[in-house]
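Me: Got a minute to go through this model with me? I'd like the overall picture, then some details.
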Amino acid sequence: TSGTTGRPKGCMLSNEYFHTFGLSYISRGGLLTLREGQERLYNPLPLHHANCLAIALPAMLLTGGCLVFPDRFHATSFWDDVINCRVTALQFQGVIPNILLKLPPSPAEQEHQVRFALCWGMEPAHHQAFEERTGIPAVESWTMTEIGRLMTAHEEPRKIHTRTVGRPAEGLQARAVDADDREVPDGEVGELVVRHTAENPRKGFFSGYLKNPEATEQAWRGGWFHTGDAVTRDAEGRFYFVDRQKNIIRRSGENIAAIEVEECLTTHEQVRQVAVMAVRDELREEEVMACVIPQNRDRADGELARELFDWCCQRLAYFKAPAWLMFVDELPTTSSQKLKRVGMFAPGTDPRAHPDVLDFRHLKKK
């Protein structure tokens, strides 16, 4: 597992698992149709990560395609790679298109042969801009290392201005449940739980966490795999990602999804990347803290910080705006380019005490 909100765990993966994942991908059809012997799939994520190893590689093996991947993601050479390698499909995490959109426009963005991009976690505010700028339909998806299948929003209407991840692939049952594992009504937030079928719930999934059978059984309690992801479902069976449950900030009884605040901040032209997290608050239980990589380090001052705070207040409920904001030069990421919130600050330290943190709590008023 990537370890974005907790310590990474080793996943034992069988041949059946890899075959199931590949079949789930190539059977999607529609915008995600993979042509036999014709595709050149570019994935800038490391081969040891499930995105490349368990999804992209089996799909290319099963269809006789070609998997292309660099040593790591390079924003400045991305489009040159795509053009020179005659790439026909892309696969990446959502942070990558966000970074690409921050680069100056280039003719190379339209000189490719790419038919679609399969992505995870693209900011809805960037989705339309990416498609218009590149001409590439970006299909939002959801999965986990443990699952061995995909949910994809590859059918129209794709609802690209939302966080929908579509419907489960064949062989995957899904529902949203409360803390007592009772299914919640459509439109209400619950934890996403999944399985193959009631008779054989673990078929095609991972074989368990390495040397940690207790964690395996806890995840599979009640015959459903508990993903730790908060979602809603609509009346048509589409699921909408809210956030990792551990990324939900609890402020004075209000639940705030860190990812919603991150999305708002990343749409500001002076923000290159951002991580939002919960920090302790003696009065309100938790508060919102944002660590921002600015586009221009020379502008990283109190004036820009106030501008970003006001930007959030104009677009979000007042209580969701950052109470604390700090400019940083870099953010820790996993090898798959996901933000790694664990370890962002040294154990035992209070992020609010950092000398560069700015306090906006007194401005958070209705």
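Reply: Sure, we can take the overall fold, then the cysteines, then a helix and a loop residue. Keep in mind that this is a predicted model.

Me: OK, how many helices and strands does the protein have?
Reply: There are 8 helices and 19 strands.

Me: And what's the radius of gyration, set against a compact globule?
Reply: It comes to 21 Å, and a compact globule of 366 residues would be near 21 Å, so the two agree. The C-alpha trace spans about 60 × 55 × 40 Å along the principal axes.

Me: What share of the residues count as buried?
Reply: 54% of the 366 residues do. As for contacts with a separation of 6 or more, 67% of them involve residues 24 or more positions apart.

Me: What about the surface, how much does the protein expose?
Reply: About 16,600 Å², with carbon and sulfur atoms supplying 49% of that.

Me: Charges, then. How many positive and negative side chains are there?
Reply: 44 positive and 50 negative, and the centres of the two sets lie 2 Å apart.

Me: Switching to cysteines: how many disulfides are in the structure?
Reply: 0. Take Cys52, which is in no disulfide: its nearest cysteine sulfur belongs to Cys66, 11 Å away. Cys52 counts as buried because its relative accessibility is 0%.

Me: And why does Cys291 have no bond to Cys312?
Reply: Cys312 has the closest cysteine sulfur, but that is 13 Å from the sulfur of Cys291, so the gap is too far for a bond; the cut-off for a disulfide is 2.5 Å. Cys291 also counts as buried, at 1% relative accessibility.

Me: Now helix α5. Which of its residues are buried?
Reply: In α5, residues 124–134, the buried ones are Pro124, His126, His127, Phe130, Glu131, Arg133 and Thr134.

Me: What do those pack against?
Reply: Three other helices, α3 (78–84), α4 (95–101) and α7 (258–266), plus the strands β4 (89–93) and β6.

Me: Anything to flag just after α5? What's the phi of Gly135?
Reply: Gly135 takes a positive phi there, about 75°.

Me: Last one: where does Thr145 sit?
Reply: In the loop between β6 (138–142) and β7 (151–152).

Me: Buried or exposed?
Reply: Thr145 is buried, because its relative accessible area is 18% and the cut-off for buried is under 20%.

Me: What's Thr145 in contact with, leaving aside neighbours within four places in sequence?
Reply: Thr1, Cys11, Leu13, Tyr17 and Ala50.

Key:
Residues numbered from 1 in each chain as written. Predicted model: local features only at pLDDT ≥ 70, side-chain atom pairs only at ≥ 80, totals over all residues. Heavy atoms only, no water. Buried < 20%, exposed > 50% of the residue type's maximum accessible area, 1.4 Å probe, protein only. Helix = DSSP H or I, 4+ residues; strand = E, 2+ residues; numbered from the N terminus. Rg over C-alpha atoms; globule rule 2.2 N^0.38 Å. Contact = heavy atoms within 4.5 Å. Areas by Shrake-Rupley, 256 points an atom, 1.4 Å probe, with all protein chains shown as cover. Lys, Arg positive; Asp, Glu negative; His and termini not counted. Charge placed at Lys NZ, Arg CZ, Asp CG, Glu CD.
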